[in-house]
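Visitor: I would like to go through this protein step by step, asking about its parts as we come to them.
Guide: Please have the sequence and the model open while we talk.

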Amino acid sequence: MGSVTRSVLTITGVVEESWYDSQELMHNSTFCLVPRGRRVGSFHFLEALQAACIPVLLSNGWELPFSEVIDWNKAAIVGDERLLLQIPSITRSIDHDKVLALRQQTQFLWETYFSSVEKIVLTTLEASAPGFIIQDRIQAHVSRNHVMWNAQPGGLYALPQFSTSLADFPFYYFALGRSPAKEFTAVIQAVSPLLSQSQPIVKLVLAVAKSKYCAQIVVLWNCQKPPPPRSRWPSVPVPLSVVEGEHKTMSSRFFPYELIRTDAVLSLDEDTVLSTNESKGRWAYTSKWTNEYSMVLTGAAFYHRYYHYLYTFYLPASLHSMVDQMANCEDILMNFLVSAVTKLPPIKVTQKKQYKETMMQQGSKMSRWADPEHFAQRQACMNSFTSWFGFMPLVHSQMRLDPVLFKDQVSILRKKYRDIERL
């Protein structure tokens, strides 16, 4: 859209005869008049949404797009085209907080449902009446809750096949006035045979079971050898289940196994080291030394179990195949998915420097983290994942959460997490 010259009546006054860029004008405006076009609707409506300019609709009888599920009263002002002179007073009566909420909703709706042809098509199939007919012919349609369409992250990410209850998703705690449960399920990825009771996985099971918030432990057996009998596993005070991966692939660690009963999942690699006196609800984990990060490795990470379902059934088979063929990058793909949905960075907790040496010296052979080819594969993965998502979803952060009194010059006896001392 280029520059034009004409006299324009806006909500705030008259722009005299001059050259101006209409897109810049809309981006700098709070309200944008959207009068009737050649038909009832107007393409200026989508332009206003894109510019975060609150649409003021002057087209009686216009059925707004996807009005079956989208609450347009949260993003637009619907006026009567017969009462044009009342519009300025209506807009002036809207307080600042309401204006901010309306503008934020315009951006949410634009980015979620209208910013690409693909999103418009998907929303049409999922939300509109013709879409319901198509869905019914393919499978019994399960409708989404109205809130799912009108709140972050949007209806396209809230898969109703998982659940139609808001309480089962990680996005709606604030809206429901509740907090996440503290209990978690530890899911341990096992790729090595269990030969002795001194192996890291046995120590890991014993350590994680000491947490008062650990509700169950699930060992995902992705080793090529058969899993050992239950008698070979240590005795722990919480239920311990061993699940043999059907295909023994990297992606299977994120499969939504029904036996996972808690919302919170602690994903662990078999060789992860946890501190036993930090097993009261918070764990220390390390990665590369840097003050900025955008991912956390899923070798030791908490997340909501819904992301297992989203990873398995939302992402395309081509990405799953890529991960499985390389036996690499499943953690990067999960980070991409969660960041794309939440628009937020992960949260990093206090790191222990001992872990760096542990990672590089595991076993008799060189760790894969010291293999340049391993990192080259991960770089290729990031480019491929970015191409599929259509943008780089990872969000950078410099925040790190440390326990209280972590670095304070007080007696170590007063510190709750005493193993995080040598940094």
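The conversation below moves from the whole chain to its sheets, helices, salt bridges and surface.

Visitor: What share of the residues in the protein is buried?
Guide: Before the figures, please keep in mind that this is a predicted model. The protein has 423 residues, arranged with 14 helices and twelve strands, and its accessible surface comes to about 22700 Å², of which 55% belongs to carbon and sulfur atoms. Counting as buried those residues with under 20% relative accessible area, the share is 45%.

Visitor: Among contacts between residues at least 6 apart in sequence, what percentage joins residues at least 24 apart?
Guide: The count leaves aside pairs closer in sequence than that first limit, and takes the contacts between residues at least 6 apart. Of these contacts, the part that joins residues at least 24 apart is 65%.

Visitor: Which strands stand at the edges of the open sheet of three strands?
Guide: The sheet runs in the order β3-β4-β5 with parallel pairing. An edge strand has a single partner, so one side of it is left without a neighbour in the sheet. The strands in that position are β3 (31-35) and β5 (77-78).

Visitor: Which helix packs on that sheet?
Guide: Within the sheet, β3 and β4 (residues 54-58) pair in the parallel sense over five bridges, and Phe31 stands opposite Ile54 in β4. The helix in question touches β3, β4 and β5, and its direction makes about 90° with that of β4. It spans residues 96-114 and is helix α4.

Visitor: How many residues of β9 are buried?
Guide: Both faces of strand β9 are covered, with Ala264, Leu266 and Leu268 buried on one side and Val265, Ser267 and Asp269 buried on the other. The strand is therefore largely enclosed by the rest of the structure. The number of buried residues in β9 is six of the six.

Visitor: Which strand pairs with β9 in the antiparallel sense?
Guide: Strand β6 (residues 184-190) pairs with β9 in the parallel sense over six bridges, and Val187 has Ser267 in β9 as its bridge partner. The antiparallel pairing has five bridges, and in it Leu268 of β9 stands opposite Ala300. The strand asked for is β10.

Visitor: Which elements do the buried residues of α10 pack against?
Guide: Seven of the eight residues of helix α10 (residues 306-313) are buried, so the helix is largely enclosed by the rest of the structure. Those residues are Tyr306, Tyr307, His308, Tyr309, Leu310, Tyr311 and Thr312. The elements they pack against are β9 (264-269), β10 (300-304), α11 (317-326) and α12 (330-342).

Visitor: How many residues apart in sequence are the parts tied together by Asp331 and Arg378?
Guide: Side chains of opposite charge can pair when their charged atoms come close. Here the side chains of Asp331 and Arg378 meet in a salt bridge at 2.8 Å, N to O, and both residues are buried, with relative accessible areas of 6% for Asp331 and 8% for Arg378. Because Asp331 lies in helix α12 and Arg378 in helix α14 (residues 372-389), the pair ties together parts whose distance in sequence is 47 residues.

Visitor: With which residue does Arg144 meet in a salt bridge?
Guide: The structure holds seven salt bridges, and in this one the closest approach is given as 2.8 Å, N to O. Arg144 counts as buried at 11% relative accessibility and lies in the loop between α6 (129-138) and α7 (146-150), while its partner, 18 residues away, is in helix α5. That partner is Glu126.

Visitor: Is Glu244 buried or partly exposed?
Guide: Glu244 forms a salt bridge with Lys248, the closest N and O atoms being 2.9 Å apart. Its relative accessible area is 42%, and the range between 20% and 50% is the intermediate class, so Glu244 is partly exposed.

Visitor: Which residues make the nonpolar surface patch of about 330 Å²?
Guide: One member of the patch is Val117, which is found in helix α5 (residues 117-127). With a relative accessible area of 64%, Val117 is exposed. The residues of the patch are Val117, Val121, Leu122 and Leu125.

Note on methods
Residues are numbered from 1 along each chain as its sequence is written. This is a predicted model: local features need pLDDT of at least 70, side-chain atom pairs count only at pLDDT 80 or more; totals for chains, interfaces and linings use all residues. Side-chain values use heavy atoms; hydrogens and water are left out. Patches are made of residues with over 30% relative accessible area and no salt bridge: like charges are joined within 9 Å, nonpolar side chains (Val, Leu, Ile, Met, Phe, Trp, Tyr) within 5 Å. Accessible areas come from the Shrake-Rupley method with a 1.4 Å probe; for residues, only the protein chains shown count as cover. A salt bridge is a side-chain nitrogen of Lys or Arg within 4 Å of a carboxyl oxygen of Asp or Glu. Helices (H or I, at least four residues) and strands (E, at least two) are DSSP runs, numbered from the N terminus. Buried means under 20% relative accessible area, exposed over 50%, partly exposed in between (1.4 Å probe, protein chains only). Two strands pair if DSSP finds at least two bridges between them. Contact means heavy atoms within 4.5 Å. Axes are lines fitted to C-alpha atoms, for helices over the stretch in contact, and angles run from 0 to 180 degrees between N-to-C directions.
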